[in-house]
Amino acid sequence: MPRKEGPIWVLRFRVTNAQGSRVENTLPVGLVRDFPNEKAAWREVDKLGLLLRINDIPETGRIHFDALAEHYLRTDLGPDATRPKTERTVLNTEQIVRQHLITRWSKEIAEDIKPLEIQRWLKTLHTDRGLAWTTVSKIRGVMLRIYKVGILHELVTKNPVQPVETRSKTDYRAIMITPWQTKAILKALSSPLHRILILTCAATALRSSELLALRWSDIRFDEGRIRVSKRWSRGKDGATKTEGSDGYVPLHPRLSRHLRAWHERTSYGKGTDFVFPSFKADGKVPLSPAIFVADHLRTAAIRIGINVPSGHRFGFHNLRHSLSNWMVNKAKIEPKTVQGILRHSRIQTTLDLYTQQDKEEARTAQGRFLEAMRLSAESVGSNAG
C-alpha cells in the first residue's frame with residue numbers, strides 16, 4: 001500500500017464489527033525497501049507477533065486495553081524497539097503496566113475509557129493507596145505511551161490520556177550533611193573498606209551503582225580522573241543511567257592518595273578486580289549496597305547525631321546531594337561545574353533537585369540588604385513618615 005514515506009507491506013484480515021458485518025482491517029508490517037519480498041515481510045510479521053495481535057482483537061474489531069498494553073510491551077520494550085531501554089527501565093515499566101494499568105483497565109475496550117475516569121483513578125492512587133505524585137505521574141506517562149504506540153500501529157484512533165493532568169512535584173527533601181559530619185561518619189565506621197567507599201562517594205558524587213561497578217583499571221591515577229562507563233545492577237554490569245553519565249569524574253590528589261593506600265592494602269588489587277569487593281563472595285561481586293546502608297551507613301549517621309527520621313531515606317544518594325549543595329551554597333562553585341561533576345544532562349536538575357536553599361546564606365544576604373538601607377530600630381518603630 002502507498003504511504004508518504006514509501007510503499008509498505010500490510011497484513012490484511014477480517015473481523016466482525018458491532019453491526020455483525022465482516023469488515024477488512026490492516027496492520028502495517030514495514031517499508032518495502034526494508035523488506036524487498038513477501039517472504040521477508042512474513043518473517044517480519046512473525047517477529048512483530050502480528051498474528052497473535054489479530055487474535056487479541058475481539059470480534060467487534062475494538063481492542064481491549066490489556067491486549068493494547070501487551071502489544072506495547074512487545075513492540076516498545078523489546079529488542080527491536082527504535083529506542084532500546086535499559087534493563088531497569090524495562091522492569092519498572094512492566095511492573096507499572098501489569099501491577100497498576102492492566103489490573104485496573106484489563107477488559108475495558110481501550111477506546112471507551114474516558115479521560116475523567118483516568119483522572120479520578122490516578123487521584124485515588126495517591127489519596128487511597130498512598131502513592132507519591134511522582135509515581136502517579138510515571139503511571140500516567142506509561143499509559144499515555146501505550147495509546148501513542150496503539151495509534152501509531154492503527155489499533156486505536158484516539159488517546160484519552162492526553163488531556164489528563166497529575167501533579168509531578170515531589171515532597172521529598174534529601175537530608176543534607178556537612179563535610180564535618182561526613183568526616184564523623186568515616187570515624188564511626190570500623191572497616192577500611194567502608195571508609196574508603198564513603199570517602200569516594202562523598203568526594204565524587206558517583207551513584208552507588210557506578211561506585212560498585214568500578215574496577216581498579218577505571219581508577220586512572222596518572223590521569224587524575226576516574227572512568228565511569230557502567231553500573232552494577234541486579235548482579236551484573238549494565239549501561240550507565242544516561243548517555244551523559246558515561247564519562248570521567250575528577251580524582252583529586254588527596255582522594256588519590258587514599259585510594260592508592262587502599263589499593264596496596266586490599267586482597268583484590270588486579271585491574272579487573274572490584275575496588276569495593278564483597279569479602280563474603282571472595283571479591284567476585286561488589287559489596288551489597290542495601291546491606292551496607294542498613295547495617296553500617298545509616299547506623300553511623302544516627303550515632304553521630306544526624307537526625308534520620310524513621311522511614312526516611314538515607315544512603316549514598318544523600319552524599320551526592322550534599323556535595324552538590326555544599327559546592328553551590330558554601331564553596332560558591334559555578335553551577336555549570338557542579339553539573340559536570342554530577343553528570344546531569346540539564347543544569348536545572350542540579351539546581352532544583354540536588355541543591356537546597358542555604359538558610360544561613362539567605363539570612364546573611366538579608367542582613368547585607370538591611371545594612372545597605374542604614375535603618376535604625378527607632379526610625380522603623382517610630383511614627384515618623
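Q: Two strands pair if DSSP finds at least two bridges between them. What makes strand 4 and strand 7 a pair?
A: Strand 4 (residues 225–228) and strand 7 (residues 247–250) are joined by four bridges in the antiparallel sense. Four bridges satisfy the requirement of at least two, so the two strands count as paired. Arg225 stands opposite Pro250 in strand 7.

Q: What kind of model is this, and how are residues numbered?
A: This is a predicted model, in which local features need pLDDT of at least 70 and side-chain atom pairs count only at pLDDT 80 or more, while totals for chains, interfaces and linings use all residues. Residues are numbered from 1 along each chain as its sequence is written, and side-chain values use heavy atoms, with hydrogens and water left out.

Q: How do you know which elements have the lowest and the highest confidence?
A: The predictor's confidence in each residue is its pLDDT, from 0 to 100. Among the elements of the chain, the lowest mean pLDDT, 46, belongs to helix 16 (residues 377–381), and the highest, 96, to strand 3 (residues 219–220). For the chain, the mean is 82, and 79% of the residues reach 70 or more. Where pLDDT is low, the predicted coordinates should not be read in detail.

Q: What makes a stretch of this chain a helix or a strand?
A: Both are DSSP runs, numbered from the N terminus: a helix is H or I over at least four residues, and a strand is E over at least two. By that rule the chain has 16 helices and seven strands.

Q: What makes strand 3 and strand 4 a pair?
A: Strand 3 pairs with strand 4 in the antiparallel sense over two bridges. Because the rule asks for at least two, two bridges are enough. One bridge links Arg220 to Arg225 in strand 4. The hairpin of these strands has four residues between them, and Gly224 there takes a positive phi near 70 degrees.

Q: Why are strand 3 and strand 7 called edge strands?
A: The open sheet has three strands in the order 3-4-7, with antiparallel pairing. Strand 3 and strand 7 each pair on one side only, and this puts them at the edges.

Q: Why is helix 3 called roughly antiparallel to helix 4?
A: Helix 3 (residues 65–76) packs against helix 4 (residues 87–105) at an angle of about 170 degrees, and their axes are 10 Å apart. Helix 3 therefore counts as roughly antiparallel to helix 4, since angles over 145 degrees are given that name (under 35 is roughly parallel, 65 to 115 roughly perpendicular, the rest oblique). Axes are lines fitted to C-alpha atoms, for helices over the stretch in contact, and angles run from 0 to 180 degrees between N-to-C directions.

Q: Which residues of helix 3 and helix 4 meet?
A: Contact means heavy atoms within 4.5 Å. Among the helix 3 residues that meet helix 4 are Phe65, Ala69, Tyr72 and Leu73. On the helix 4 side they include Val97, Leu101, Ile102 and Trp105.

Q: Why is Leu50 called buried?
A: Buried means under 20% relative accessible area, exposed over 50%, and partly exposed in between (1.4 Å probe, protein chains only). Leu50 has 0% relative accessibility, so it counts as buried. Leu50 belongs to helix 2 (residues 50–56). Leaving aside residues up to four places away in sequence, Leu50 touches Leu11, Leu27, Pro28, Val29 and Val45. In the chain of 385 residues, 42% are buried.

Q: How do you know whether His194 is buried or exposed?
A: The relative accessibility of His194 is 13%, so this residue counts as buried. His194 lies in helix 8 (residues 192–204), and its contacts beyond four places in sequence are Leu189, Leu287, Phe292 and His296.

Q: Why does Tyr268 count as buried?
A: Tyr268 has 19% relative accessibility, which falls under the 20% limit, so the residue counts as buried. Tyr268 is in the loop between helix 10 and helix 11. Among the residues it touches are Trp216, Phe274, Phe279 and Asp282. Asp282 lies in the loop between helix 10 (253–265) and helix 11 (289–303), and has a positive phi of about 55 degrees although it is not a glycine.

Q: Why is Glu154 called partly exposed?
A: Its relative accessible area is 41%, so Glu154 falls between the limits of 20% and 50%. Glu154 is in the loop between helix 6 (133–152) and helix 7 (179–188). Although not a glycine, Glu154 has a positive phi of about 60 degrees.
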